[in-house]
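Here is a short report for a reader new to this structure. Take a look at the sequence and model, then read on.

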Amino acid sequence: MNKLTFNYHTHTKRCGHAVGEDKEYVLAAIKLGIKKLGFSDHIILPEGFEQEGIRGSSTQLEDYLQSVKYLKEKYKDQIEIFVGFEAEYYPQMMNYYKWLLEEKIDYLILGQHCYLEDNEFHWYFHKDSPVEDIKKYTDDVIEGLKTGMFKYLAHPDLFMHSQASFNKELEEQSRRILKICEELHIPIEINLCGGRRRNYDGLTYSYPNEEFFDLVKDYNLDVIVGMDAHDPEHFEQIAVDLGFEFAKKHGIKPLLDFDIK
Ligand SMILES: [Zn+2]
Ligand SMILES: [Zn+2]
């Protein structure tokens, strides 16, 4: 049996597409044997940047922080709890992120789902997104990681959600991501949520992607198995085993411990 001792990728119902109470996530994590648990809901942005069903609104920030703080204290003898966010790199938000990190939260992980232009959110990925879109995603991931604000890169292969199959151009973008993570010593994630999601064609699992992770052996990289839990029930041993088996198949030894702070 593979043992997952930490998970820093946990959502809450505030994002609008996760379910369950915060406490239920903690109890499920304890039951699975997790010793370090990080809440990293989709980044709550300042007023005026709401995205319903994607992220919580600015009015929920304090509730999120207070709830995790309460659970951290309540369960401190059983599990160590941290609070953070899974955030996109939005150049416009760097001062806000800095304030969060200094005053409010323990960490950020990078999950680059969309970009912000003229105060509007845009998704990179659509069915059969052209390589230019994948390149923009890659550029933004690289710029984001360079800020030094993000502790690890969630689902680096997220772009496979938009693709029916891997190819040479996608390999080129993948290698740019892997190279910057190697240079900056930023771990990448085998995302256990992707295994629950199909690509736009419904043909393959979006991520973790076999071809992407085949490239990892060419780099000196740390790899984290992340639950990306959107439901307390996602803390299940079968998902952990799938993640570790996936890693093994690609010659990867996932980190067995990682400090987020
Ligand atoms: Zn989500
Ligand atoms: Zn996530």
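## Two zinc sites and a sheet

In this predicted model, the zinc ion (ligand 2) has H9 (NE2), H11 (NE2), E86 (OE) and D228 (OD) as protein donors, at 2.0 to 2.3 Å. Donors are N, O and S atoms within 2.8 Å of the metal (3.2 Å for Na, K and Ca); water is not among the atoms, so sites may look incomplete. The angles among the 4 donor atoms run from 80 to 165°, and the site is irregular. Four donors count as tetrahedral if all angles lie between 85 and 135 degrees; four count as square planar and six as octahedral if opposite donors are over 155 degrees apart and all others between 65 and 115; anything else is irregular.

The zinc ion (ligand 1) lies 4.6 Å from the zinc ion (ligand 2). The table sets out both sites.

| Metal | Protein donors | Distance | Spacing in sequence |
|---|---|---|---|
| zinc ion (ligand 1) | H17 (NE2), H42 (NE2), H230 (NE2) | 2.0 to 2.1 Å | H-x24-H-x187-H |
| zinc ion (ligand 2) | H9 (NE2), H11 (NE2), E86 (OE), D228 (OD) | 2.0 to 2.3 Å | H-x1-H-x74-E-x141-D |

H17 lies in the loop between β1 and α1, and H42 in strand β2, so this pair ties together parts 25 residues apart in sequence. Helices (H or I, at least four residues) and strands (E, at least two) are DSSP runs, numbered from the N terminus. H17 is partly exposed, at 34% relative accessible area. H42 is buried, at 7%. Buried means under 20% relative accessible area, exposed over 50%, partly exposed in between (1.4 Å probe, protein chains only). H11 and D228 are both buried.

How are the strands ordered in the open sheet? The 4 strands follow the order β1-β2-β3-β4, with parallel pairing. Two strands pair if DSSP finds at least two bridges between them. β1 (6–7) and β4 (107–110) stand at the edges with a single partner strand each, so one side of each has no neighbour in the sheet. Strand β3 (residues 80–87) is joined to β4 by 4 bridges. Here A87 stands opposite L110.

Helix α2 (residues 61–74) packs on the sheet and touches β2 and β3. Contact means heavy atoms within 4.5 Å.

Local features need pLDDT of at least 70, side-chain atom pairs count only at pLDDT 80 or more, and totals for chains, interfaces and linings use all residues. Residues are numbered from 1 along each chain as written, chains are lettered from A and ligands numbered from 1 in the order written, and side-chain values use heavy atoms, leaving out hydrogens and water.

How values were computed. Axes fitted to C-alpha atoms, helices over the stretch in contact; angles between N-to-C directions.
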